[in-house]
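Me: I should like to discuss how the strands and helices of this structure are described. Please take the questions one at a time.

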Amino acid sequence: MPPAASPFPIIVAEGDATQRGVAHGQGARDRIAASLSFYSDAVAPSIGATFGQIVDGVLARRPMWRAQDPDILAEIEGIAEGSGFSVGEILALNTRGMFVVPPIDQGAQRVPDDGCTSFAVLPEASADGHLRTGQNWDYLEGIADTIVLVHLRPEDGPRQLMIAEAGQVGRHGVNTNGIALHANGLGARLRDPSALPTTFLRRRILRSDNITAAIEAAITPPRAGSTNFLLTHRDGFAIDLETVPDTVRWLLPTDGWLFHTNHFEAGIPAELAATYTPSADSLLRYARGTRRLASARAVGGISRADIVDVLTDHLGDGRGLCSHPDPGAPRHERWMTVATVITDLTEGVMSVSAGPPCEHDFVDIDIASGAVATAAGAAMA
Ligand SMILES: [Zn+2]
């Protein structure tokens, strides 16, 4: 039987930064166009801005970002060249975390559910001894058709298999040196627009040669926003890093596993402590997931099926772990699980599913080759 098709286009991006960007831009042109339409037509008006104003704002910061990370900026410029869109438009896609959710002082009444659920299961907690990590990526329905897999093959350093919105230089994924990154938003109240956007930071983590460098990339300021980074290494290591622009708190595995949603677990930053309120669905997802994993751990270890069980849990009527869009909500507020990843670092395979994972099959992508893996474990070119 032929292998199942990947649920997302797989774009191979090799060479220097510009060449990688051009390949990404050419391969994802239609999806970048769809993404720009969504953000300019549905999201920008919801925050009282035009997309042109957003683009002007990010272009003003381009020289600063070039000084901080010329390689990433060159890749973004390559994406613009390859796709035919402007550098400002591609930069805006890479900084959407700064405008999708307006900060509290710009009129937002509450921090919306920037939802994602991440996990790591170390070999000692795993039913079959495999190290697995991954996440439900919960975000806006409007970008569901813009997701791509990018297989990055730089001239130096490890290859990286990344899942992202088309045109973005970083999101979550894994590299061939055994490092995986998963991430969760931690609310939008603390942000520093002059610092490095989270897509840049995520890429710095994904391109790291070793796990120490990956941790360093996550915890070294400046950071633009507040993000939880769950880092794992195939040799049996996991750490969770709750970062805000200036400080970091951390969690280590308990009983061999880690689980994280979208609220602070390691401690509430002092800047927020007086008024901090987590989102209801983050608390629900955390409670459901930790309880399920703890019970599986206690009887034979956590299997892949246990993980799928957690990620497809429906308590919460569409706003729980497996998130389904509310068709009555405006487009800029229609949240759902847009993709799910379960990476087996022991096997070197990333399993991906489109949309809510209760409705879609998982397809295995070989991390080293970036191709769909066959049932026999070999990759198809
Ligand atoms: Zn579902």
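Me: Across which strands does helix 1 lie, and at what angle does helix 1 run to strand 1?

Reply: In this predicted model, helix 1 (residues 17–27) lies across strand 1 and strand 4. Its direction is at about 160° to strand 1. Angles are taken between N-to-C directions on a scale from 0 to 180 degrees, so a value of about 160° is towards the upper end of that scale.

Me: What makes strand 1 and strand 4 a pair?

Reply: Pairing requires at least two bridges. Six bridges join strand 1 to strand 4 (residues 147–154), so the requirement is met. The two strands run parallel, and one bridge links Val 12 with His 151 in strand 4.

Me: Why are strand 1 and strand 10 said to stand at the edges?

Reply: They belong to an open sheet of eight strands, in the order 1-4-5-6-7-8-9-10, with mixed pairing. Strand 1 (10–15) and strand 10 (248–251) each have a single partner strand, so one side of each lacks a neighbour in the sheet. The twist in this sheet averages 20° from one strand to the next.

Me: How do you know that strand 2 and strand 3 are paired?

Reply: Strand 2 (residues 116–121) and strand 3 (residues 132–140) are joined by six bridges, where at least two suffice, and therefore count as paired. They run antiparallel, with Val 121 opposite Arg 132 in strand 3.

Me: Which helix lies across strand 2 and strand 11?

Reply: That is helix 9 (residues 280–298), which runs at about 165° to strand 11.

Conventions: Residues are numbered from 1 along each chain as its sequence is written. This is a predicted model: local features need pLDDT of at least 70, side-chain atom pairs count only at pLDDT 80 or more; totals for chains, interfaces and linings use all residues. Helices (H or I, at least four residues) and strands (E, at least two) are DSSP runs, numbered from the N terminus. Two residues are in contact if their C-beta atoms, placed from the backbone, lie within 7 Å.
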